[in-house]
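User: Please take a close look at the pockets of this model and at the helix packing around them. I would like one connected account rather than a list.

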Amino acid sequence: MLAFIVSLVAYTDPAEELYGIWERNMRKNRATKLQTQYHFAYAQHLAPYRTRNNVTLLEIGANTGDSLYAWSEYFREPGATIWGMRYGVSDSRMKKCLAGAANCAKVHIHDGDQSSARDLRALVAAAFGDAFKAPATLANHEWRRAGYDVIIDDGSHVPAHILFTFTKLFPMLRPGGVYVIEDNAFSYADKPTTAYGYRVGHRGGIGRPTTDNAVERFKALADIVNREECFQDLDIVIFSEAIDRAVFQVAFVSGLVFVWKKTAAQQAGLAGIPSLRWTSHANGPALQEYKRFLEAGKHVGVGGVRV
């Protein structure tokens, strides 16, 4: 009984613990992770990765570094590596890391533009070497050496950039890893406005399948993961056949989108599901209409970024 009471006293709510880490490391006046209450979702969905040995996290949108320092404290294992992509922020503007010497040493910052394929390739090369390419299969042992476990896009928040970055970096996610997109409000802008100097909202808005609406594209992944149970042939494509077939789960939480990559075991298990007899009744007029809906959104987006 005494041990039970002690365990209750010692218990710390995971979301409160993460919020405390953010408070210690982030600016109080502009720290959106504190303002948006993301700690509830992150504490739930990142918990399985927290104690992994040699976990690798990448955050697009390093800004002045404070969120990276917070992640270095949250992912407590000594082998953890925290990468951040910084754009337009000089060294003189970087905040001092307060997470302790051992945690601060986990942090690496790379300068680049998330809407540039060349810069994204350079980012991956900085982490895993120039020769690294995403292995062709989820069962490949090369994933043990390289690849990200967690990717967070907290960059420009421009929908076209979000989609472009996802197509380039989701393939670099390890099997079982999770890709997170923060601050998705601009997908709902249906009147022209700007986000960090970029035009958004010209073709966006709720329900519109354009490159000005990233949320609508991620919604469509729900059809991929649910239709896989009865349709082994991929008869609709959202991002690419390789990306779509690798998606295991999608979740939408206030302001956030989470996309999980399959493990090799999950992929093999799902591929073994026998086709259902009634599948011929689910590929008629509605499917053709949906394909036209998807096709309508495939065009050049903001800044000439094609996704």
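Analyst: What follows treats the two pockets in turn and then the helix pairs. The model is a predicted one, and every value below is computed from its atoms.

The largest pocket holds about 850 Å³ of space, and 36 residues form its lining. Nearest the centre of the largest pocket lie Asn 63, Asp 154, Gly 155, His 157 and Tyr 196. Among the elements, α3 (32–35), α6 (66–74) and β2 (81–86) each contribute two or more residues to the lining of the largest pocket. By class, the lining of the largest pocket comprises 12 nonpolar, 14 polar and 10 charged residues.

The second largest pocket has a volume of about 270 Å³, and 13 residues line it, of which Arg 121, Val 124, Phe 132, Lys 168 and Met 172 are the closest to its centre. Two or more lining residues of the second largest pocket come from each of α8 (117–128) and α9 (159–169), and the largest share, five residues, belongs to α8. The class division for the second largest pocket is eight nonpolar, one polar and four charged residues.

The two helices named for the second largest pocket also pack against each other. The axes of α8 and α9 are 11 Å apart and make an angle of about 40°; angles under 35 degrees would count as roughly parallel, and α8 and α9 are therefore oblique to each other. Their crossing is right-handed. On the α8 side the contact is made by Ala 117, Leu 120 and Val 124, which meet Phe 164, Thr 165, Lys 168 and Leu 169 of α9. This contact of α8 with α9 has five nonpolar residues, one polar and one charged. Two of its members, Val 124 and Lys 168, are also listed among the residues closest to the centre of the second largest pocket, so that pocket and helix contact share these residues.

Helix α6, which gives residues to the lining of the largest pocket, has a packing partner as well. Helix α2 (residues 14–25) packs with α6 at an angle of about 135°, the axes being 9 Å apart, and that angle makes α2 oblique to α6. The crossing of α2 and α6 is right-handed. From α2, the residues in contact are Leu 18, Ile 21, Trp 22, Arg 24 and Asn 25, while α6 supplies Asp 66, Tyr 69, Ala 70, Trp 71, Glu 73 and Tyr 74. Sorted by class, the contact of α2 with α6 has seven nonpolar, one polar and three charged residues.

A further pair is formed by helix α10 (residues 214–227) and helix α13 (residues 285–296), whose axes lie 12 Å apart at an angle of about 145°. The crossing of α10 and α13 is left-handed. In this contact Glu 216, Ala 220, Asp 223 and Arg 227 of α10 meet Leu 287, Tyr 290, Phe 293 and Leu 294 of α13, and the contact residues divide into five nonpolar, no polar and three charged.

Terms used:
Residues are numbered from 1 along each chain as its sequence is written. This is a predicted model: local features need pLDDT of at least 70, side-chain atom pairs count only at pLDDT 80 or more; totals for chains, interfaces and linings use all residues. Side-chain values use heavy atoms; hydrogens and water are left out. On a 1 Å grid over the protein atoms alone, a cavity is a set of points where a 1.4 Å probe fits but cannot get out, and a pocket is an open set with protein on both sides within 12 Å along at least five of seven lines; lining residues have an atom within 4 Å of a point. Grid points are joined across faces, edges and corners, and a volume is the space filled by probe spheres set on the points. Helices (H or I, at least four residues) and strands (E, at least two) are DSSP runs, numbered from the N terminus. Ala, Val, Leu, Ile, Met, Phe, Trp, Tyr, Cys and Pro count as nonpolar, Asp, Glu, Lys and Arg as charged, and the others, Gly among them, as polar. Axes are lines fitted to C-alpha atoms, for helices over the stretch in contact, and angles run from 0 to 180 degrees between N-to-C directions. Angles under 35 degrees count as roughly parallel, over 145 as roughly antiparallel, 65 to 115 as roughly perpendicular and the rest as oblique. A crossing is left-handed if the near helix is turned anticlockwise from the far one by less than a right angle, and right-handed if clockwise. Contact means heavy atoms within 4.5 Å.
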